Amino acid sequence: MAKPKTTIDEHGQVRDRRGEWRSGRPVYLEPLLDDPTNVKKIVKWLTGFPGFFFPWFALYMIVIGASFVWFTPAMERMQTFELGWMLEILLRNLVILWIWNGAFHLWFYSYKMQGRLKKYNANWQAENNSIFLFDNQVYDNVFWAHSGLLIWTAYECGLWWGYANGWLPYLDPLEHPVIFCLMMMAVPFWRNFHFYWIHRLIHWKPLYDHVHYLHHKNVNVGPWSGMAMHPVEHLLYFSCMLVHVIVPSHPLHMLFNGFQTGLGPAVSHSGFDEIVFGDEAALRNDRYMHYLHHRYHNVNYGESNVPLDKWFGSLHDGSPEADAHFRRVHSERVKAGTA
Ligand SMILES: [Zn+2]
Ligand SMILES: [Zn+2]
């Protein structure tokens, strides 16, 4: 008997033949670089919840503020390369990574606090699947995330060493408070711009086959999948932090850059469209854009705040029309032997 085209799940959500659920909203793009500029939309995005500042930007500010004040070794110690202070930074990043990723994992996957409500994929994380290390998707993802942790920390330690010795261009927040704040706000845009290009690079077949394939084993993503990358990809991915070698900045900018690069993937790979708190409250997550990248590979290389995919024609907005378009593009590429 043929499988029905759609099914209704236990939450009343329509799922297609493959078990996929869609919100019905187009993929979310932040409005700052919209053409033409829509001031009303931008103001709403800046002040909204969720919006640019709340909750994620604000949460990152708390994380980097606390890390800077209480969990970063004294500058004098960081003038020389010594294992002691570097291990302290590694431990701090390790603890924060586990709390952050762990919180998402426990909420969505261990305790299944909202069941499959607003979950894009019908299935839970894979077990007894030999494509993953230890035959287990979560263990595999957790393992590889620690390669990311090491490389992120290595970049951070190198940059602290540079700051401690006065070798890096420095921006004093007391002398330039406005530029300091604007630069803080620019960090997510820089990160997404950088990510788009390195992501395109690792989709080049030789790099894809040896490096990026590892991340794409995860079609049905979970919070730990975000940082499940090959070490070479981690090296490229966290290289966005090297911008501080050139651009005058404060260590807090560098911390934000590092923490958002290290922690952001748990949010963007949660696999859920909303975090639902009971019947009354829900926080929109809107990470369908990257979910579709894992589904279709050749779409949505970037993220939502720098619309490079829109400009270069690789944006899949989640609609059936976009499905049909990219299916056509794909079959043409298969015919031409370039897929
Ligand atoms: Zn991904
Ligand atoms: Zn990719």
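Here is a short chat about some aromatic rings in this predicted model.

Guide: Welcome! Local features here need pLDDT of at least 70, and side-chain atom pairs count only at pLDDT 80 or more. Residues are numbered from 1 along each chain as its sequence is written, and side-chain values use heavy atoms.

Visitor: What makes tryptophan 45 and phenylalanine 189 an aromatic pair that is edge-to-face?

Guide: Rings of Phe, Tyr and Trp (its six-membered ring) pair if their centres lie within 6.5 Å; planes under 30 degrees apart count as stacked, over 60 as edge-to-face and the rest as tilted. These two rings are 6.4 Å apart, centre to centre, with 80 degrees between the planes, so both conditions are met. The structure holds 40 aromatic pairs.

Visitor: Why is tryptophan 45 called buried?

Guide: Its relative accessible area is 6%, and buried means under 20%, exposed over 50% and partly exposed in between (1.4 Å probe, protein chains only). So tryptophan 45 counts as buried. Phenylalanine 189, at 17%, is therefore buried too.

Visitor: Why does phenylalanine 53 count as partly exposed?

Guide: Its relative accessibility is 25%, which falls between 20% and 50%, so partly exposed is the right term. Phenylalanine 52, at 9%, counts as buried. Phenylalanine 52 and phenylalanine 53 also form an edge-to-face pair, at 5.0 Å centre to centre and 85 degrees between the planes.

Visitor: How do you know that the charged end of lysine 112 sits over the ring of tryptophan 124?

Guide: A charge sits over a ring if NZ of Lys or CZ of Arg is within 6 Å of the ring centre and within 35 degrees of the ring normal. For lysine 112 the distance is 4.7 Å, so the distance condition is met. Lysine 119 also lies over the face of tryptophan 124, at 5.4 Å from the ring centre.

Notes
Chains lettered and ligands numbered in written order.
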